[in-house]
Structures are given as C-alpha cells and as structure tokens.
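Work through the exercises below with the model open. Each task is followed by a solution in steps.

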Amino acid sequence: MLPVLCLDDFQILLERLQEFDNNFYNSLRSLMDDSALMLVVASRKKLGTYAAEKGLTSPFFNVGHHKEIKTNSSILGC
C-alpha cells in the first residue's frame, strides 16, 4: 500500500527554512523515487518558482506533474 501525503498551502513550509531545508526536501524526493510515498501538493505557484525564490537546490522541486486548477467564481458565490 502506497501512503499518500497531501499538503495544502505548501508555501507555508518555505517560510520555515530552518526546519524544512534542502535535506528535508531531499528526503521527500528519495521517498518518492523509491515509490515509498506519493505526494499531492497544493500551492499558489509552481514548486520550482518557490525553490528559486528561496535559494533551495533540492531536486525535489524538479519532480512531479503540474496541474493548474482555476476557480469558478459562480461556484464560489463571488
């Protein structure tokens, strides 16, 4: 059975670089490469954009598929 980790507002992790540094992201990448973890991330920007902004070099930010989801204002009642 493959565990799935879902992270919403991913950019919040990037505000705490002392706790969530390149080693943390390297570990996540390793788990995904070994098929030990599936990760679903929700963020406002592409992960590579965050990496560049924060100076992170982990290959974690180069993996995965990007799917943009647009909101429908009529559904949200706006």
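**Exercise 1. Locate Arg29 and list what its side chain and neighbours do.**

Step 1. Arg29 sits in helix 1, residues 22-33; helices are DSSP runs of H or I with at least four residues, strands are runs of E with at least two, and both are numbered from the N terminus.

Step 2. Leaving out residues up to four places away in sequence, Arg29 touches Pro59, Phe60, Asn62 and Val63, where contact means heavy atoms within 4.5 Å.

Step 3. A polar atom of the Arg29 side chain lies 2.4 Å from the backbone oxygen of Pro59.

The model is predicted: local features need pLDDT of at least 70, side-chain atom pairs count only at pLDDT 80 or more, and totals for chains, interfaces and linings use all residues. Residues are numbered from 1 along each chain as its sequence is written, and side-chain values use heavy atoms, with hydrogens and water left out.

**Exercise 2. Place Val40 and classify its exposure.**

Step 1. Val40 belongs to strand 2, residues 38-41.

Step 2. Val40 has a relative accessible area of 41%, so it is partly exposed, the class between buried (under 20%) and exposed (over 50%), with a 1.4 Å probe and protein chains only.

**Exercise 3. Give the element order and the confidence of the chain.**

Step 1. The chain has three helices and two strands, in the order β-α-β-α-α from the N terminus.

Step 2. The mean pLDDT, the predictor's confidence in each residue from 0 to 100, is 88 for the chain, and 91% of the residues score at least 70.

Step 3. Among the elements, helix 1 has the highest mean pLDDT (95) and helix 3, residues 73-76, the lowest (56).

Terms used: A polar contact is a pair of N or O atoms within 3.5 Å; within protein, one must be able to donate a hydrogen and the other to accept it, and residues adjacent in sequence count only if both atoms are side-chain atoms.
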